[in-house]
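Okay, thanks for coming, everyone. Let me put the model up on the screen.

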2 protein chains.
Amino acid sequence: MRLSNLADYAVVTMCQAARHCGGGKVSAAELASESGLPAPTVQKVVSKLTSAGLLRSSRGAGGGLQLARPAAAISLADIVEAVEGPIALTACVEGEDCAVHEKCSVKPHWPIVNSALRGALAEIPLTRLAQIPQVKEVA
Amino acid sequence: MRLSNLADYAVVTMCQAARHCGGGKVSAAELASESGLPAPTVQKVVSKLTSAGLLRSSRGAGGGLQLARPAAAISLADIVEAVEGPIALTACVEGEDCAVHEKCSVKPHWPIVNSALRGALAEIPLTRLAQIPQVKEVA
DNA sequence: TGAAATCGGAACGAATCAGTCTGATTTAGG
DNA sequence: CCTAAATCAGACTGATTCGTTCCGATTTCA
Ligand code: SF4
Ligand code: SF4
């Protein structure tokens with residue numbers, strides 16, 4: 001029930017990239033320096049994000065990363081799915097029949113839980129994560 | 001974002017045990033046979049569930065398992081936490097400071113997401129999972 | 001044309017997870 | 001009271017995935 005560190009770092013990286021949206025292009029090394037994450041890790045993260053279509057990459061000197069979509073149109077679910085693969089709590093949700101998929105009585109209930117969970121993540125756009133402060137009273 | 005197979009099997013096992021709640025005591029081998037899961041795996045699962053306090057175990061001949069609480073008072077979150085440990089999407093939610101917990105701007109937002117997610121799981125009691133049929137129109 | 005800078009993918013090591021097994025404990029019966 | 005069976009409980013091994021790191025292919029600027 002804990003998402004991988006790569007996914008977490010991907011969220012941080014995307015949040016950092018969202019701030020440079022106006023500038024347009026930012027290098028991975030720049031994002032690593034500003035966020036404090038290890039540079040190679042950021043490189044791997046942006047690689048996956050680019051493959052998923054969330055980031056736009058420009059090779060060569062002066063190149064860098066760029067948000068492929070508006071920050072408001074990117075949700076946590078998108079980032080998590082880009083790094084961790086499809087959101088599926090159990091194997092049967094994905095279609096991969098487990099060993100006891102025939103007798104399992106809770107199988108029909110998993111899609112409901114899965115949808116509720118994904119919906120909760122989809123309700124959090126990237127713009128909300130970019131807002132740093134003013135949320136101290138929730139602790 | 002996928003819970004471990006052990007947690008999934010734990011849910012199935014608990015669901016199966018809930019049906020024998022009236023009888024009182026059921027052996028782990030019995031649950032394994034009825035659910036179709038591998039017997040050793042069920043043994044490991046019930047061991048963890050007992051340690052967490054969700055099941056009541058009776059040693060010796062004629063012993064077996066028993067629900068420690070009413071089926072309505074056991075939620076998915078309880079089962080998952082018993083097997084997978086605390087529900088914490090990221091390290092900072094648990095209190096384990098990650099490498100960049102100081103500069104991280106999304107850290108204050110994770111508890112909100114985490115609570116929403118756990119709430120979604122806590123809303124599913126074991127009694128709902130025990131109801132086998134009559135949910136075909138949701139597909 | 002030369003060179004630098006960037007992303008992209010591939011390789012390595014570590015950690016966790018899943019599965020299996022054997023042993024300690026307890027009760028029922030003789 | 002003793003034997004015996006049955007049960008849970010914990011420890012071990014193998015495998016998969018995750019995390020990290022490094023080096024090469026590609027592109028643009030000077
Ligand atoms: S069929 Fe049942 S046991 Fe198999 S993956 Fe789905 S929920 Fe889990
Ligand atoms: S502080 Fe930021 S990077 Fe670290 S675990 Fe929390 S959200 Fe992730």
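I'll go through the two copies, then the ligand site, then the DNA.

Quick housekeeping: this is a predicted model, where local features need pLDDT of at least 70, side-chain atom pairs count only at pLDDT 80 or more, and totals for chains, interfaces and linings use all residues. Residues are numbered from 1 along each chain as written, chains are lettered from A and ligands numbered from 1 in the order written, and side-chain values use heavy atoms, with hydrogens and water left out.

So, the copies. Chain A can be laid on chain B with an RMSD of 0.1 Å, by a turn of 180° and a shift of 0.0 Å along the axis; that's a least-squares fit on C-alpha atoms of residues with pLDDT of at least 70 in both. The two copies are thus related as by a two-fold rotation axis.

Now ligand 2. Residues from chains A and B surround it, so the site is shared between chains; "surround" here means a heavy atom within 4 Å. From chain A we have D8(A) and V12(A), and the chain B residues include C92(B), H101(B) and W110(B).

On to DNA strand C. 21 residues surround it, with S57(A), L65(A), S4(B), N5(B) and R59(B) the closest. Of the strand's atoms within 4 Å of the protein, 79% belong to sugar or phosphate, the rest to bases. A polar side-chain atom of S57(A) sits 2.8 Å from a phosphate oxygen of the strand. For N5(B), a polar backbone atom is 2.5 Å from a phosphate oxygen. And R59(B) puts a polar side-chain atom 2.6 Å from a sugar or linking oxygen.

Notes:
Polar contact = N/O pair within 3.5 Å; in protein donor to acceptor, adjacent residues only side chain to side chain.
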